[in-house]
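Biologist: Got a minute to go through a structure with me? I'd like to start with the salt bridges.
Modeller: Sure, put it up.

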Amino acid sequence: ITNDSLIAEMGRQIAEQCVRLGINVNFAPDIDVNNEPNNAVIGFRSFGEDPDNVDRKGTAYALALQNNGVLPSMKHFPGHGNTKTDSHHALPIIKNSLEEIEKIELYPFKYLTDKGVKGAMVGHLYFPALEPVVNKSSSLSKNVVTDLLKEIMNYDGIIFTDGLEMKGAYNGTDPDSVCLQAIMAGNDILLLPINVDASIQIIIDAAKSDDEVKNRVEESCKKILRHKYQLG
């Protein structure tokens with residue numbers, strides 16, 4: 001694990017096997033900086049607590065996938081390392097200052113974005129420094145997905161949500177409305193909604209009556225088609 005070239009070779013072999021199986025997306029690497037020893041969900045999925053180590057090894061893994069026909073997905077934006085809460089069961093709250101978040105949590109994501117990694121997954125996390133609405137998940141936050149990731153960090157790749165059946169996603173609200181919120185936040189692909197048919201119908205109905213929703217869906221659709229073409 002200390003040898004970055006071996007991590008790149010691992011990524012190449014994983015990509016080769018994914019391609020043989022017809023798999024063109026891998027939800028890896030985990031580039032959370034695991035700076036909470038009692039983290040309930042990240043653990044050894046992370047490359048550790050040093051942001052420089054995480055970004056270097058994460059880049060080796062991600063670009064090895066991407067350069068061999070598999071879209072990587074750096075996760076869990078903006079960073080799931082500094083929490084004891086498992087977002088499968090509740091919404092983690094990370095109370096770090098914006099300065100701390102930029103130095104630690106966001107550092108690997110900015111690094112991989114600058115290196116050209118084209119897949120990202122947004123986690124179900126609440127950062128008061130990034131989102132003024134109390135207990136609003138980052139996966140449903142336009143401030144986090146569009147303003148921070150797409151505009152400030154200049155990221156133009158595919159954006160996945162983490163699984164929308166996780167309690168951290170809907171956090172006491174109507175689960176069927178979560179997909180529309182996620183689309184409008186700026187996500188492109190919505191993973192594992194609780195009720196797929198109902199969620200799709202809500203988005204269709206909204207797109208028919210609201211040009212902003214229609215344009216947002218079209219933007220994601222064109223982006224997904226472009227990346228499918230690039231992946232062959």
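Modeller: Before anything else, this is a predicted model. As a starting point, take Glu9 and Arg12: they are three residues apart in helix H1, which means a separation of about one helical turn.

Biologist: How do the side chains of Glu9 and Arg12 meet?
Modeller: In a salt bridge, at 2.8 Å from N to O.

Biologist: Buried or exposed, those two?
Modeller: In between. Glu9 is partly exposed, with a relative accessible area of 31%, and Arg12 is partly exposed at 33%.

Biologist: How many salt bridges are there in the whole structure?
Modeller: The search finds 12. One of them joins Lys57 and Asp4, with the closest N and O atoms 2.6 Å apart.

Biologist: Which parts does that pair tie together?
Modeller: Lys57 is in helix H2 and Asp4 is in helix H1, so the bridge ties together parts that are 53 residues apart in sequence. Lys57 is also buried, its relative accessible area being 4%.

Biologist: What about Arg216 and Asp188?
Modeller: Their side chains form a salt bridge too, at 3.6 Å from N to O. Arg216 belongs to helix H9 (residues 211-230) and Asp188 to the loop between helix H7 (178-185) and H8, so parts 28 residues apart in sequence are tied together. Arg216 is buried at 8% relative accessible area, and Asp188 is buried at 6%.

Biologist: Which residues are in the network there?
Modeller: Lys150, Asp188, Arg216, Glu219 and Lys223 are joined into one network by salt bridges that share partners.

Biologist: Where is Lys150, and what does it touch?
Modeller: Lys150 sits in helix H5. Leaving out residues up to four places away in sequence, Lys150 touches Val145, Tyr155, Ile159, Gly186, Arg216, Glu219 and Lys223.

Biologist: Why does Lys150 count as buried?
Modeller: Because its relative accessible area is 14%, and the cut-off for buried is under 20%.

Biologist: Now a lysine elsewhere. Is Lys84 buried or exposed?
Modeller: Exposed, at 55% relative accessibility. Lys84 is in the loop between E1 and helix H3 (98-103). Its contacts, not counting residues up to four places away in sequence, are Glu36, Asn38, Asn39 and Ala40.

Biologist: What separates Lys84 and Asp55?
Modeller: Their C-alpha atoms are separated by 22 Å, and the two residues are 29 apart along the chain.

Biologist: Changing topic: how many residues has the largest nonpolar core?
Modeller: It has 34 residues, and Met74, Phe77 and Met153 have the most contacts inside it. Helix H1 (4-21), helix H2 (51-66), strand E1 (74-77), helix H4 (106-114), strand E2 (119-122) and helix H5 (142-152) each supply at least two residues of this core. H2 gives the most, with five residues.

Biologist: What does Met74 touch?
Modeller: Beyond residues up to four places away in sequence, the contacts of Met74 include Ala28, Pro29, Ile31, Phe109, Leu112 and Tyr155. Apart from the core just described lies another core, of 13 residues, with Val178, Cys179, Leu180 and Ile183 among them.

Biologist: How many aromatic pairs does the structure hold?
Modeller: Two. Phe27 and Phe160 form an edge-to-face pair, 5.1 Å centre to centre with 80° between the planes. The pair links distant parts of the chain, since Phe27 is in the loop between H1 and H2 and Phe160 is in strand E3 (residues 158-161), 133 residues apart. Phe160 is buried, with a relative accessible area of 3%, while Phe27 is partly exposed at 33%.

Biologist: And why is the pair of Phe77 and Phe109 edge-to-face?
Modeller: The ring centres of Phe77 and Phe109 are 5.2 Å apart and the planes are at 90°, so the pair is edge-to-face. This pair also links distant parts of the chain: Phe77 lies in strand E1 and Phe109 in helix H4, 32 residues apart. Phe77 is buried at 0% relative accessibility, and Phe109 is buried at 1%.

Biologist: Last one. Which residues make the nonpolar surface patch?
Modeller: Val196, Ile200 and Ile204 make a patch of about 230 Å². Val196 lies in helix H8 (residues 196-209) and counts as partly exposed, at 43% relative accessibility.

Technical notes
Residues are numbered from 1 along each chain as its sequence is written. This is a predicted model: local features need pLDDT of at least 70, side-chain atom pairs count only at pLDDT 80 or more; totals for chains, interfaces and linings use all residues. Side-chain values use heavy atoms; hydrogens and water are left out. A nonpolar core is a set of buried Ala, Val, Leu, Ile, Met, Phe, Trp, Tyr and Cys residues joined through side-chain atoms within 4.5 Å. Buried means under 20% relative accessible area, exposed over 50%, partly exposed in between (1.4 Å probe, protein chains only). Helices (H or I, at least four residues) and strands (E, at least two) are DSSP runs, numbered from the N terminus. Contact means heavy atoms within 4.5 Å. Patches are made of residues with over 30% relative accessible area and no salt bridge: like charges are joined within 9 Å, nonpolar side chains (Val, Leu, Ile, Met, Phe, Trp, Tyr) within 5 Å. Accessible areas come from the Shrake-Rupley method with a 1.4 Å probe; for residues, only the protein chains shown count as cover. A salt bridge is a side-chain nitrogen of Lys or Arg within 4 Å of a carboxyl oxygen of Asp or Glu. Rings of Phe, Tyr and Trp (its six-membered ring) pair if their centres lie within 6.5 Å; planes under 30 degrees apart count as stacked, over 60 as edge-to-face and the rest as tilted.
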